[in-house]
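Please look over the sequence and the structure below before reading the report, which follows the sheets, the helices packed on them, the nonpolar cores and the surroundings of the ligand.

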Amino acid sequence: MTASFSAIDHALMARALRLAEQGAYTTKPNPMVGCVLAHGEEVVGEGWHQRAGEPHAEVLALRAAGDRARGATAYVTLEPCAHTGRTGPCSEALIEAGVGRVIAAMRDPFPQVDGAGFARLQAAGIEVASGLMEAQARTLNRGFLSRIERGRPWLRVKLATSLDGRSALASGESKWISGPASRLDVQRWRARCGAIVTGAGTVLADDPELTVRLGDDTPFVAPLRVVLDPGLATIARGRVRGGEAPTLYLHAPDAKLPRGFAAEHAAVPVREGLMDLEAVLKLLAARGVNEIQLEAGATLAGAFLAGGWVDEVLLYMAPVLLGERARPLFDGLGIEAMADKRKLELVDVRQLGGDMRVLLRPKP
Ligand code: AOF
Ligand code: ZN
């Protein structure tokens, strides 16, 4: 189904991808999807999926195009759906509107679609091609794809570090290493994710609220706050219990639940004093979490990294020195020889205020 694509095709798919991205804070647990309808270079309708339960991108683009959808090419960042979920099948809507051709960036691995949308379009005599700007589309929806294809959310670790690679003083004090521009940027990454995960140690040391505060009225769907607290040591304290977002406590099976404990909670197996991180990830995927942002100390961040669960590292490096007694970024990596060093790949580097932001992906 891969075809050769023209420069116009590329430009219009790029436009559809930019539209899709507008749903970054609101489509969860659904993927971000954009759609452009065009005759040649002339765009006659466009749309993007805004919220789960609301119309899909194609439907909005078809509405905008009206009669001009007939004979148009539809550029969609994900295979049009074939199922009747919270909304009707988009492949059917495209057929009814009489579009002439459908170009998708990628197939939708969602089990109820997974090629069935393409098949339906082709059965109706519509020319279908897929694979245009697929890498970009996969990057955009890395959270959704991770949940559907791997059964676990995409895991991003957010860290603030000094120039000498330290994340907190020996006392645990860490406020503030990075500057205001970095801290606002963190809020945008929080708004994207389905869950912000932290540990009991961070709740006790930093008392974070773990809500999204964008500083304006940009709409977002609040991420679930998750506290990994084997012994439920923090349930009676912490700002994480306040604010406008749900909180989930994950604890050891033998943890004692205090009488009248009202917060949502679930037991997760514990091995050698540490929670089974794979079980944590599975549990969150089952709840529809596409992207996790881990905001925790060196112990938990190190455990996730050592376990091979980290997909992305979002690092804010401030030009300050905290000295040799301060804490590292990741504990427990057990590196003794150069041959054991952990390698990461640079994805993006930029300056934010007086800090440097580095996005990295661990190498397998
Ligand atoms: C599309 N266009 O814009 C989106 C699609 O619960 P529903 O009915 O909204 O269905 C959600 C599923 O539909 C989601 O998991 C994904 O497979 C697909 N999303 N499909 O044709 C869209 N957002
Ligand atoms: Zn659809």
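The report below takes up these topics one after another.

## Basis of the report

The model is a predicted one, in which local features are described only where pLDDT is at least 70 and side-chain atom pairs only at pLDDT 80 or more.

## The five-stranded sheet

An open sheet with mixed pairing is built from 5 strands, which follow one another in the order β2-β1-β3-β4-β5. Its edges are taken by β2 (42-48) and β5 (127-130), and because each of these has a single partner strand, one side of each is left without a neighbour in the sheet. From one strand to the next, the twist averages 15°.

Within this sheet, strand β3 (residues 73-76) and strand β4 (residues 101-104) run parallel and are joined by 4 bridges. One residue to follow here is tyrosine 75, whose bridge partner in β4 is isoleucine 103. Helix α2 (residues 57-65) packs on the sheet, where it touches β1 (34-39), β2 and β3, and the direction of α2 makes about 140° with that of β2.

## Tyrosine 75 and the nonpolar cores

Which residues touch the most other members of the largest nonpolar core? In this core of 48 residues they are Ala16, Cys35, Leu37, Tyr75 and Val76. When neighbours within four places in sequence are left aside, tyrosine 75 is in contact with Leu12, Met13, Ala16, Cys35, Val36, Ala38 and Ile103; of these, Ile103 is also the bridge partner of tyrosine 75 in β4. Apart from the largest core there is a second, separate one of 47 residues, which includes Ala195, Leu210, Leu315 and Met317.

## The surroundings of ligand 1

Around ligand 1 there are 18 residues, of which Val33, His49, His56, Gly85 and Phe110 come nearest. Sorted by class, the shell around ligand 1 is made up of 10 nonpolar, 5 polar and 3 charged residues.

## The nine-stranded sheet

Another open sheet, again with mixed pairing, has 9 strands in the order β10-β9-β8-β7-β13-β6-β14-β16-β15. Here β10 and β15 (344-352) stand at the edges, and since each has a single partner strand, one side of each is left without a neighbour in the sheet. The twist from one strand to the next averages 20°.

Towards the β10 edge, strand β8 (residues 224-228) pairs in the parallel sense with strand β9 (residues 247-251) over 4 bridges, and β9 is in turn joined by 4 bridges to strand β10 (residues 264-267), with which it runs parallel. Leucine 250 in β9 stands opposite leucine 228, while in β10 the bridge partner of leucine 250 is alanine 266.

## Leucine 248 in strand β9

Leucine 248 belongs to strand β9, and valine 226 stands opposite this leucine. Is leucine 248 buried or exposed? Leucine 248 has 18 other C-beta atoms within 10 Å, and because a residue counts as buried at 20 or more and as exposed at 12 or fewer, leucine 248 is classed as partly exposed.

Once neighbours within four places in sequence are set aside, the contacts of leucine 248 are Leu224, Val226, Glu264, His265 and Ala266. Leucine 248 and alanine 285, which are 37 residues apart in sequence, lie 14 Å apart in space from C-alpha to C-alpha.

## Helices α10 and α6

Helix α10 (residues 298-306) packs on the nine-stranded sheet, touching β6 (154-162), β7 (195-199), β8 and β13 (291-294), and the direction of α10 makes about 135° with that of β6. This helix is mostly covered, with 7 of its 9 residues buried, namely Ala298, Leu300, Ala301, Gly302, Ala303, Phe304 and Leu305. The elements that cover the buried residues of α10 include β6, β7, β8, β12 (274-275), α9 (277-286) and β13. After α10 comes glycine 308, whose phi is positive, near 80°.

In helix α6 (residues 142-150), the residues Gly143, Phe144, Leu145, Ser146 and Arg147 are buried, and what covers the buried residues of α6 includes α5 (134-140), β6, α9 and β13. Both β6 and α9 are thus named in the covering of α6 and in that of α10. Helix α6 is followed by glycine 151, whose phi is positive, near 70°.

Notes. Residues are numbered from 1 along each chain as its sequence is written. Chains are lettered from A and ligands numbered from 1 in the order in which they are written. Two strands pair if DSSP finds at least two bridges between them. Helices (H or I, at least four residues) and strands (E, at least two) are DSSP runs, numbered from the N terminus. Axes are lines fitted to C-alpha atoms, for helices over the stretch in contact, and angles run from 0 to 180 degrees between N-to-C directions. Two residues are in contact if their C-beta atoms, placed from the backbone, lie within 7 Å. A nonpolar core is a set of buried Ala, Val, Leu, Ile, Met, Phe, Trp, Tyr and Cys residues joined through C-beta atoms within 7 Å. A residue is near a molecule or strand if its C-beta atom, placed from the backbone, lies within 6 Å of it. Ala, Val, Leu, Ile, Met, Phe, Trp, Tyr, Cys and Pro count as nonpolar, Asp, Glu, Lys and Arg as charged, and the others, Gly among them, as polar.
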